[in-house]
Amino acid sequence: MEYVHHATFGISVLGVLVIIFGVLCGVMRFLRSELASARGANVEDDRRRLRQVLGYYLLLGLEFLIAADIIDTLMKPTTQDLIVLGSIVAIRTIISYSLNSELAHETKHAEKIATP
């Protein structure tokens, strides 16, 4: 059973790495966008795309973290562990839903602007 704990730890680390990678990519895009803005370029589309990309990585990382929590708790299901897991999953699901809704709204808004 120890290997399952190591596997869930690995999945958690992967989730964190995905989020860190997304944030680093987001910072690079943000800096490029702000430099272009300082030069007088219209960067509204770049900023919208930045939000979409960052939201994608945040959602993906959260999904990995939720999966790791579920697997880890199923290996040692005490009542307290199940309550904690339920709370964590509920909070992360709300965050995921909110991010997904916002990304869908941003995508629809971008499509309306792109089509004449």
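This section describes a buried glycine, the aromatic pairs, a nonpolar surface patch and the salt bridges of a predicted model.

G15 lies in helix α1, which spans residues 2-38. Its relative accessibility is 0%, so G15 counts as buried. Beyond its neighbours within four places in sequence, G15 is in contact with three named residues: G61, F64 and L65. A further distance relates G15 to L59. These residues are 44 positions apart along the chain, and their C-alpha atoms are separated by 9.6 Å.

Aromatic pairing was examined next. Two aromatic pairs are found in the whole structure. In one of them, the ring centres of F21 and Y57 are 5.5 Å apart. The planes of F21 and Y57 stand at 75°, so this pair is edge-to-face, the angle being over 60 degrees. F21 belongs to helix α1, whereas Y57 belongs to helix α2, residues 44-75. With their positions 36 residues apart, F21 and Y57 link distant parts of the chain. Y57 also pairs with Y56. The Y56 and Y57 rings are 5.3 Å apart, centre to centre, with 70° between the planes. The arrangement of Y56 and Y57 is edge-to-face. The ring pairs thus join F21, Y56 and Y57 into a cluster. F21 has a relative accessibility of 44% and therefore counts as partly exposed. Y56, at 48%, is likewise partly exposed, because buried requires under 20% and exposed requires over 50%.

A nonpolar patch lies on the surface. Its members are F9, V13, V16, L17, I20 and L24. The patch covers about 550 Å². F9, one of these residues, is found in helix α1. The relative accessible area of F9 is 55%, so F9 is exposed, the cut-off for that class being over 50%.

Charged side chains were considered last. The count comes to three salt bridges. One of them is formed by E34 and R47, with the closest N and O atoms 2.9 Å apart. E34 is in helix α1 and R47 is in helix α2. The two residues are 13 positions apart, and their pair links distant parts of the chain. E34 is partly exposed at 29% relative accessibility. R47 is partly exposed as well, at 36%.

R48 takes part in a salt bridge with E44, at 2.9 Å from N to O. E44 and R48 are four residues apart in helix α2, so about one helical turn separates them. R48 also meets D45 in a salt bridge, at 3.2 Å from N to O. D45 and R48 are three residues apart in helix α2, and about one helical turn again separates the partners. Through shared partners, these salt bridges join E44, D45 and R48 into one network.

Which members of this network are buried, partly exposed or exposed? R48 has a relative accessible area of 10% and is therefore buried, since that value falls under the 20% limit. E44, at 44%, is partly exposed. D45 has a relative accessible area of 55% and is exposed.

Key: Residues numbered from 1 in each chain as written. Predicted model: local features only at pLDDT ≥ 70, side-chain atom pairs only at ≥ 80, totals over all residues. Heavy atoms only, no water. Buried < 20%, exposed > 50% of the residue type's maximum accessible area, 1.4 Å probe, protein only. Contact = heavy atoms within 4.5 Å. Phe/Tyr/Trp six-rings, centres within 6.5 Å; stacked < 30°, edge-to-face > 60°. Patch = residues over 30% accessible without salt bridge, like charges linked within 9 Å, V, L, I, M, F, W, Y side chains within 5 Å. Areas by Shrake-Rupley, 256 points an atom, 1.4 Å probe, with all protein chains shown as cover. Salt bridge = Lys/Arg side-chain N within 4 Å of Asp/Glu carboxyl O.
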